[in-house]
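Okay, thanks for squeezing me in. Have a look at the sequence and the structure on the screen, and then I'll walk you through a few spots.

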Amino acid sequence: MVGAYARPVENHSVPHSTPRTAAFFDLDKTVIAKSSTLTFSKSFYQGGLINRRAVLRTAYAQFVYLVGGADHDQMERLRAYLSSLCRGWDVAQVREIVAETLHDLIDPIIYDEAASLIEEHHAAGRDVVIVSTSGAEVVEPIGELLGADRVVATRMVVGADGRFTGEIEYYAYGPTKAEAVRELAASEGYDLGRCYAYSDSATDVPMLESVGHPFAVNPDRALRREALARDWPVLSFNRPVPLKQRLPALSMPSRPALAVVAAVAAAAATAGLVWYTSRRRTAREHLARIARV
């Protein structure tokens, strides 16, 4: 059951009116510009978890993923490889490495358009849920960084010695993502007909078709064909911007010194939006629509 895997993060949103709604986001190439798991390969190498050969192999996998996406067979091969690779890793060490390098590695590759959508959905009273095939040790800190309310992610079996066994306890992939969405809707009272979902991959069609407002983001070829056939909107995200350069709502923890920075950032963001909305159809046009729903 997904209840054990849909973990709330440390961000708490305001109470919602009934019926509640949510926006479900895939993570890799939808919210961030790369694979979240593969992005940490260099850090895992520096921490002694993997060797140089594994770094090169994950770099190649990242390249293939970015250029052409990943179909079902490729994802299965990647799953098997990563499961084998992490066997014996100390879970506490993995979490420590992710925590120490999170801002340096993930912050710069968050799509500005995705961060804006998260802000707009929260402003409209919707929960934001990250639903990712990547491992929970990576996805949960990213979800907290983004201000997500819940995270659904793959979970590996941890032995009594605190190390990964290499076996998968829960695999958040394909139809399983859709099951997670439906179970969350049942437990949290979401009206799926009024909910939103975003993904770049055809493997997430089951999740997309489970909500009333599906969106293809930077879609692979198969999802683009599916979106055109079903008349699903297609969004293009191509502007990774560090959160610290945005409005502070999704940025670093508040500090007194951020007061002046917030004002400057707000002015800069406003100026940027004037230029950005003058372009052809963009994610910002979509934001105006969801605010009215």
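So let me start with this: in which loop does Asp231 lie? Asp231 is in the one between α10, residues 221-230, and β8, residues 234-235. Before I go on, please keep in mind that this is a predicted model.

Why pick that residue? Well, Asp231 isn't a glycine, and still has a positive phi, about 60°. As for the side chain's surroundings, Asp231 counts as exposed, at 66% relative accessibility.

Now jump to Lys29. Here again we have a positive phi, about 65°, on a residue that is not a glycine. Lys29 sits in the loop between β2 and α1, and α1 is residues 36-39. Is Lys29 buried or exposed? Lys29 is buried, with a relative accessible area of 12%. Anything under 20% goes down as buried, so the 12% of Lys29 makes the cut.

Stay in that loop for Thr30, which also lies between β2 and α1. Thr30 is buried, and its relative accessible area is 0%. What does the Thr30 side chain make a polar contact with? That would be the side chain of Asp26, at 3.1 Å. Leaving out residues up to four places away in sequence, Thr30 touches Tyr111, Ala114, Tyr198, Ser199, Asp200, Val217 and Phe237.

Tyr198 takes us to the core. The largest nonpolar core has 45 residues, and the ones touching the most other members are Phe25, Phe44, Ile106 and Tyr198. Several elements give two or more residues to this core, including β2 (22-25), α5 (91-105), β3 (127-135) and β6 (196-199). Which element gives the largest share? α7 does, with 6 residues.

Let's zoom in on Phe25. Setting aside neighbours within four places in sequence, Phe25 is in contact with a list of residues, among them Val31, Leu117, Ile118, Val129, Val131 and Tyr198. There's another core apart from that big one, with 23 residues, and Phe24, Ala197, Ala216 and Ala227 are among them. For the general background, nonpolar side chains tend to be buried together in soluble globular proteins.

Last stop, the hairpin. β4 and β5 run antiparallel, joined by 3 bridges, with β5 covering residues 164-170. Met156 has Ile168 in β5 as its bridge partner. Between the two strands there are 5 residues, and in this hairpin Gly162 takes a positive phi near 80°.

That's my tour, so over to you.

Definitions and conventions. Residues numbered from 1 in each chain as written. Predicted model: local features only at pLDDT ≥ 70, side-chain atom pairs only at ≥ 80, totals over all residues. Heavy atoms only, no water. Core = buried A, V, L, I, M, F, W, Y, C linked by side-chain atoms within 4.5 Å. Buried < 20%, exposed > 50% of the residue type's maximum accessible area, 1.4 Å probe, protein only. Helix = DSSP H or I, 4+ residues; strand = E, 2+ residues; numbered from the N terminus. Contact = heavy atoms within 4.5 Å. Pairing = 2+ DSSP bridges. Polar contact = N/O pair within 3.5 Å; in protein donor to acceptor, adjacent residues only side chain to side chain.
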